[in-house]
Every structure is written in structure tokens, then in C-alpha cells.
Amino acid sequence: YSHRMVRADAERNRERIVQAARRRFATDGLGVSMASVAREAGVGKATLSRHFATREDLIDAVFADRMDHYLALTAQALADPDPWHAFTHYVTSVCAMQAADRGFAAVLSMTFPTAEELEAQRAEAYRGFLELIARAKATGHLQADFASEDLVALLMANAGVIAATADAAPDSWR
């Protein structure tokens, strides 16, 4: 009986921590302190540490659904019969995801070696993007010298634009 209550309480605390981190990361980026996440969740730092030993563990949990959506965008683009439309829609959609969540903008331009699930999803999405590039180049709409690193540079630049203009001009990323 009490074991079940403890487990339910622990699960509630974990969910409160993930939701608090999601809010903080979305508005303030990944640099927020673990202490501020714990405060917002209404738990102690020790409780946060029991659930998430490292910042990367927390990032992995917070962005799991965003990465699922990112992968779904990739699959949707690969299913599009028009390679140029697929490419441009994909890039615009990913940039929109970044604009909606500053934490996710940072996640896309950083690596988290110990966040295994997140990194596996990123690698899968990257393979899909390489295919989108090849298809768009084959149509002649995308320059032959476009490289996957160009997308990384674009996403990093977009993250910077979002961070710099979020309050004054929130749609400037477009």
C-alpha cells in the first residue's frame, strides 16, 4: 500500500520536474539552473537529483516528445512526392519549432553525448535530412554544393535570431 503511494508520489514529482523544466527551457533556454527548475517544480534539489542525475538526463526527458515530432516531420517530408516542397517545408517547419521553444532551438544545435535516446533520434532525423538534400539537388532546385552543414549553420543562426529578437520581434525568424 505505502510502496504504491510512494511510487505514485515519485511519478508526480518527476512529471512536475519535467513540466517545470519544459517551461523554463522554452522561455529561457537550456542555461537555466537546476535549482530554478526544482523551485518551479516545487521540489527540493535532492528530489530533482534522484530523478535526473545530470542536466542531460533532464534534457533527454524534456525534449523526448519534441524529438518525436522532429522525426515525424522528417518522415512526412520524405513521404512528400515533390522533393523541393519537401525540403523547403521541412526547413520552415523545423525553424518554426525552434521559434516556439528556445530550449529546442538549442537542442538542435548542440550535442548531448550521454542523452542516448535524444542523440539516436537526432541521428535518424539527420539521415532523413541527407535524403531530402539529395532529392532536392536531383530536381535542380537546390544548389549542388549545398551540404548538410549548411542546415546546421542555418539552425544555429535561427536560434540566435530567435534569442535576440524573441521579445521585440517574435516573428523575425521567418
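Start with helix 9, residues 148-165. Its 18 residues reach 26 Å from first C-alpha to last, close to the 26 Å expected at 1.5 Å a residue. Keep in mind that this is a predicted model.

Now colour helix 9 by burial. Ser148, Leu151, Leu155, Asn158, Ala159 and Ile162 are buried. They sit on the same side of the helix, because they cover an arc of only 100° around the axis. The general rule behind such a pattern: an α-helix has 3.6 residues a turn, so residues three or four places apart point the same way.

Turn to the other side of helix 9. Glu149 and Ala164 are exposed there. Then go back to the buried residues and show their surroundings. They pack against helix 6, helix 7 and helix 8.

Next, select the largest nonpolar core, 48 residues in total. Which members touch the most others? Phe25, Phe63, Tyr70, Tyr90 and Phe129 do. Several helices supply at least two core residues each, among them helix 1 (2-28), helix 5 (64-79), helix 8 (116-139) and helix 9 (148-165). Which helix gives the largest share? Helix 6 does, with seven residues.

Centre on Phe25. Leave out residues up to four places away in sequence, and display its contacts. Leu30 and Val32 are among them. So are Arg55, Leu58, Ile59, Val62 and Phe63. Asp101, Arg102 and Gly103 also touch Phe25.

Now show the aromatic rings. The structure holds eight aromatic pairs. Select Phe63 and Phe104 to see one of them. Their ring centres are 6.4 Å apart, and the planes meet at 40°, a tilted pair. Phe63 lies in the loop between helix 4 and helix 5, and Phe104 in helix 7, so the pair ties together parts that are 41 residues apart in sequence. Phe63 and Phe104 are both buried.

Keep Phe104 and add Tyr70. This pair is edge-to-face, with 6.0 Å centre to centre and 75° between the planes. Tyr70 lies in helix 5 and Phe104 in helix 7, so this pair ties together parts that are 34 residues apart in sequence. Tyr70 is buried, as is Phe104.

Finish by widening the selection. Add Phe25, Trp84, Phe87, Tyr90, Phe129 and Phe146 to Phe63, Tyr70 and Phe104. Ring pairs link these residues into a cluster. Phe25, Phe63, Tyr70, Tyr90 and Phe129 will be familiar from the core, where they touch the most other members.

Methods:
Residues numbered from 1 in each chain as written. Predicted model: local features only at pLDDT ≥ 70, side-chain atom pairs only at ≥ 80, totals over all residues. Heavy atoms only, no water. Core = buried A, V, L, I, M, F, W, Y, C linked by side-chain atoms within 4.5 Å. Buried < 20%, exposed > 50% of the residue type's maximum accessible area, 1.4 Å probe, protein only. Helix = DSSP H or I, 4+ residues; strand = E, 2+ residues; numbered from the N terminus. Contact = heavy atoms within 4.5 Å. Phe/Tyr/Trp six-rings, centres within 6.5 Å; stacked < 30°, edge-to-face > 60°. Expected span 1.5 Å × (residues − 1). Arc of directions from axis to C-beta.
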